[in-house]
Amino acid sequence: MVNKKLELTLKPRLVKMEKINILWADDEIDLLKPHILFLKEKGYEVVTVNNGDDALSLIKKQPFDIVFLDEHMPGKSGLETLSGIKNLNSDIPVVMITKNEAESIMEDAIGSKISDYLIKPVNPNQILLSIKKNLQNKRLIMEKSNSGYQQEFRNIGMTLGEKLGWKEWQDVYRKLVYWELELEKSTDAGMYEVLTMQKNEANHLFCRFIENNYSGFLQHPDANTPLLSHQLIKKKLFPLLESGDEPVFFVLIDNLRCDQWKVIQPVISEYFKIQEDDCYLSILPTATQYARNAIFAGLMPLDIEKRFPGMWVGDEDEGSKNQHEEKFLADQLQRYNKNTKFSYTKITNFAAGKALSDNVPALFANRLNVIVYNFVDILSHARTEMEVIRELAADESAYRSITRSWFEHSPLLEALRKISEKKVKLIITTDHGTIRVKEPSKIIGDRNTNTNLRYKQGKSLTYEKKDVYEVKNPAGIFLPRTHLSTAYVFAKEDRFFAYPNNYNYYAGYYRNTFQHGGISLEEMIIPVVTLTS
């Protein structure tokens, strides 16, 4: 059922447009009167001059939104005038109009950063199109995006009112991510707010879906069960090893959400062709020690603890929780008779990333190369602990932006460029996502209760039942337990756990930070993408 409160906010709003001021410089300006009248009828202000000196003089005195400039004029040529305009105001768009189709003149004009290039005789519609393209492009995109989401809003709302399975939840989340990226280009904050409200509603229903189905996915898998962390290598990687003989690269970027994948996808698409852009479901807890160990072992955490006594490091134990990934991977390959020469590389700092890039030629000798890159997880933790990072990544849009900026200048992209020069197969994926938490939820536990803000495991936990998915029998979802009375609770939607003592301080400190470990669309529905060079 469509949320009526959201629907009311979608009523159309009238936007008053300010007049656009145009300067047109042409030595035959009198012959262009029909064009000038056409533009004035469309609501534009047009000032005309017949030489470059007058054009520059006017630009010094008053602001113009766009300049139409004849290339061939007596006195200062169009190119000379263009240079003068850019010296006065480098941001003003200039459209060059010329009778001359010589390639050298076009190249000179383009090199001088013109915004458009028209060949005489021009018709009024060409001029109008050039104005819209250069000045109203953002507004037109915004209006198109707003209109598109208004149409999609009701469809998504109706879908949320139905009983959804895993495939439908993938589709809903993909649509929400798509419109989130589209609407962030818009200056209409109201429309983005509507999307945020609909996404919150979707998250509420998704948490209910997980509560009702997660245990069944693990205990009674069938054709409609989602692909889960411990099945990822078997279902996605092994088929690539079984077909062809080119090297296969498996790149796991820790903590990468679907929206973050979408902003780095255009960069990767310059070097690789996407064969399959898919999603899978992270296991609970959506935390590195559980989800990533499950990926490389091909086993749920309870089974890892049984198979590798002493290698599973519990929440209460000291030491790294992910120090045996390579051993787990080797064991999984052996269990499935994949006698494959492989490398495993974990990157936790810039120097290690540079070393990886330098070592790419040697990697082609292996049939399989696994690369774990930890930057995004480091970013989310740094954002919590460092005020400057909080300011740089203040919200989801900024978080995506800083992720793309990092990726474009990272040793990982440098390594991927080198990898793309050979015939290879590539999987890019992650172990879990992250969510910006907003609502604290009180919890009480003993001193051995773990510190994660999105899930807790321990004895005698006291919590707000409406805020959590509680699991009193961890073995039912294949999780180890430290004590007979150990239970797990997972925070739902955008909640995070806070203890009653010093509650207000911690609630304020962690609110609006990016966390993982609990249940949300952002943490659990995550990308797995297959590519070829």
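Two strands count as paired here if DSSP finds at least two bridges between them. With that in hand, here's a quick tour of this predicted model: a three-stranded open sheet, a helix whose residues are buried, a serine at 0% relative accessibility, and the second largest pocket, with about 380 Å³ of space.

**The sheet and its helix**
- The 3 strands line up in the order 14-12-17, and they form an open sheet with mixed pairing.
- Strand 14 (462-463) and strand 17 (495-498) sit at the edges with a single partner strand each, so each has one side without a neighbour in the sheet.
- Strand 12, covering residues 439-444, runs parallel to strand 17, and 4 bridges join the two.
- If you want a spot to start looking, E439 stands opposite R495 in strand 17.
- Helix 21 (residues 503-510) packs on this sheet, where it touches both strand 12 and strand 17.
- The direction of helix 21 makes about 145° with that of strand 17.

**Helix 12, tucked away**
- How many of the residues of helix 12 (residues 288-297) are buried? The count is 10 of the 10, so the helix is largely enclosed by the rest of the structure.
- Buried means under 20% relative accessible area, and the residues of helix 12 that meet this include charged-type names such as R292 alongside Y290, I295 and F296.
- Right after helix 12 comes G298, with a positive phi near 70°.

**S357 and its contacts**
- You'll find S357 in helix 15, which spans residues 350-358.
- S357 counts as buried because its relative accessibility is 0%, and the cut-off for buried is under 20%.
- Leaving aside residues up to four places away in sequence, S357 touches P411, E414, A415 and K418.

**The second largest pocket**
- About 380 Å³ of space lies in this pocket.
- The lining is made up of 18 residues, and those closest to the pocket's centre are K163, L164, G165, F209 and N213.
- Helix 8 (166-183) and helix 9 (189-219) are the elements that give two or more residues to the lining.
- Which element gives the largest share of the lining? That's helix 9, with 6 residues.
- Sorted by class, the lining of the second largest pocket comes to 7 nonpolar, 6 polar and 5 charged residues.

Definitions and conventions. Residues are numbered from 1 along each chain as its sequence is written. This is a predicted model: local features need pLDDT of at least 70, side-chain atom pairs count only at pLDDT 80 or more; totals for chains, interfaces and linings use all residues. Side-chain values use heavy atoms; hydrogens and water are left out. Helices (H or I, at least four residues) and strands (E, at least two) are DSSP runs, numbered from the N terminus. Contact means heavy atoms within 4.5 Å. Axes are lines fitted to C-alpha atoms, for helices over the stretch in contact, and angles run from 0 to 180 degrees between N-to-C directions. Buried means under 20% relative accessible area, exposed over 50%, partly exposed in between (1.4 Å probe, protein chains only). On a 1 Å grid over the protein atoms alone, a cavity is a set of points where a 1.4 Å probe fits but cannot get out, and a pocket is an open set with protein on both sides within 12 Å along at least five of seven lines; lining residues have an atom within 4 Å of a point. Grid points are joined across faces, edges and corners, and a volume is the space filled by probe spheres set on the points.
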